[in-house]
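Open the model in your viewer and show it as a cartoon. Then follow the stops below.

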Amino acid sequence: MPQLINPNSLPTEPDERLTAYETAIEASRSALAGTISKARFRAEVEIGFALAAIRSEELHLRRAATIEQYGAERWGYKRSTLYELMDTAEIRLAAAVGVVSGNPDTKRHKAITTPAPRPALEASPPPALRPAGIELSKSAALEVVPVWREEGTEAALALVAEAERKANEKGGRLTAALVREVVKDRTAEDSQGTDAGTLPPSEEARRRAVNDGLKSLTESLERSLIKLGKLRTDGVPPLDAEDAARQLKAIRTVGKALSKAQGPEGT
């Protein structure tokens, strides 16, 4: 129930009464902003996990040809919003559960390959985490997504912990700009500490991610070709010939784009 201020309980002096009313308004506004923020955070994380699960299980194919088309037609999401929700859901949940305690320096952490999409609500904090309740904004989470993909959750949350520490020192809030600064500083330290002729773990992981991405794309195409081949063998024509022609054109366009992206040094 609303807690209304009682005018009879306020001082009689006008300035003091005004201050009392304004204090009550500020408190209510802060409560409202906090409620909206928490509701948005929870909704975005839940939606991100659900969308990632739909993509992982290829359920979007029941309604659309691509996950982007599904997101736009079913939910009205732009491509950028769709991927931001999916890409940040797990790291935002992990940050809300806990952050790495102790030294946030993660340069010695061994790089890992890009994590495969996980089913909804499968994420769990690693052993080195402690409760923290940091509700990362989508924009702040995006700054550590590359580290999460290349080096894992613990390394990404270590940077979040460092950004949170700096925010507390400055008496401000954790922003995307501050997280970006911490990530940039760590990247600079890694570059300085790298011996000539060797790749830093983050760069090695980035290059491996290219191979993993191409492998994943190839496997997906092979599965689709097998499915299409069986349908063609059974003599099943496309329901919408014009749409089928558009999809084939899109596939050719993607093939040309991949050839250009390959560059003079290959993948």
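Begin with the whole protein chain: of its 267 residues, 25% count as buried. Keep in mind that this is a predicted model. Colour by secondary structure, and you should find eight helices and two strands. Trace the protein chain along its sequence, and the pattern reads α-α-α-β-β-α-α-α-α-α. Now think about contacts with a separation of 6 or more: in the protein chain, 75% of them join residues 24 or more positions apart.

**Stop 1: H2 and H3**

Select residues 67-75 for helix H2. Add residues 79-97 for helix H3. Two packed helices are described by the angle between their axes and the distance between the axes. Here the axes of H2 and H3 come within 9 Å and cross at roughly 105°. H2 and H3 are therefore roughly perpendicular to each other. Show side chains at the contact: Ile67, Glu68 and Gly71 come from H2, while Arg79, Leu82, Tyr83 and Met86 come from H3. Sorted by class, the residues of this contact of H2 with H3 are four nonpolar, one polar and two charged.

**Stop 2: H3 and H4**

Keep H3 and select residues 138-151, which form helix H4. How far apart are the axes of H3 and H4? They lie 9 Å apart, and the helices pack at an angle of about 80°. That makes H3 roughly perpendicular to H4. On the H3 side, pick out Glu84, Leu85, Asp87, Thr88, Glu90, Ile91 and Arg92. On the H4 side, pick out Lys138, Ala141, Leu142, Val144, Val145, Trp148 and Arg149. The contact of H3 with H4 has seven nonpolar, one polar and six charged residues.

**Stop 3: lysine 138**

Zoom in on lysine 138, which sits in helix H4. Is lysine 138 buried or exposed? Its relative accessible area is 18%, so lysine 138 is buried, as the cut-off for buried is under 20%. Find the side chain of glutamate 84: it makes a polar contact with the side chain of lysine 138 (3.0 Å). Leaving out residues up to four places away in sequence, lysine 138 touches Glu44, Glu84, Leu85, Thr88 and Arg92.

**Stop 4: H5**

Move on to residues 153-170, helix H5. H5 has 18 residues. From first C-alpha to last, H5 reaches 26 Å, close to the 26 Å expected at 1.5 Å a residue. Which residues of H5 are buried? Select Ala155, Ala156, Leu157, Ala158, Leu159, Val160, Ala161, Glu162, Ala163, Lys166 and Ala167. End just after H5 at glycine 171, which takes a positive phi of about 70°.

Notes. Residues are numbered from 1 along each chain as its sequence is written. Side-chain values use heavy atoms; hydrogens and water are left out. Axes are lines fitted to C-alpha atoms, for helices over the stretch in contact, and angles run from 0 to 180 degrees between N-to-C directions. Helices (H or I, at least four residues) and strands (E, at least two) are DSSP runs, numbered from the N terminus. Angles under 35 degrees count as roughly parallel, over 145 as roughly antiparallel, 65 to 115 as roughly perpendicular and the rest as oblique. Contact means heavy atoms within 4.5 Å. Ala, Val, Leu, Ile, Met, Phe, Trp, Tyr, Cys and Pro count as nonpolar, Asp, Glu, Lys and Arg as charged, and the others, Gly among them, as polar. The expected span of a helix is 1.5 Å times one less than its number of residues. Buried means under 20% relative accessible area, exposed over 50%, partly exposed in between (1.4 Å probe, protein chains only). A polar contact is a pair of N or O atoms within 3.5 Å; within protein, one must be able to donate a hydrogen and the other to accept it, and residues adjacent in sequence count only if both atoms are side-chain atoms.
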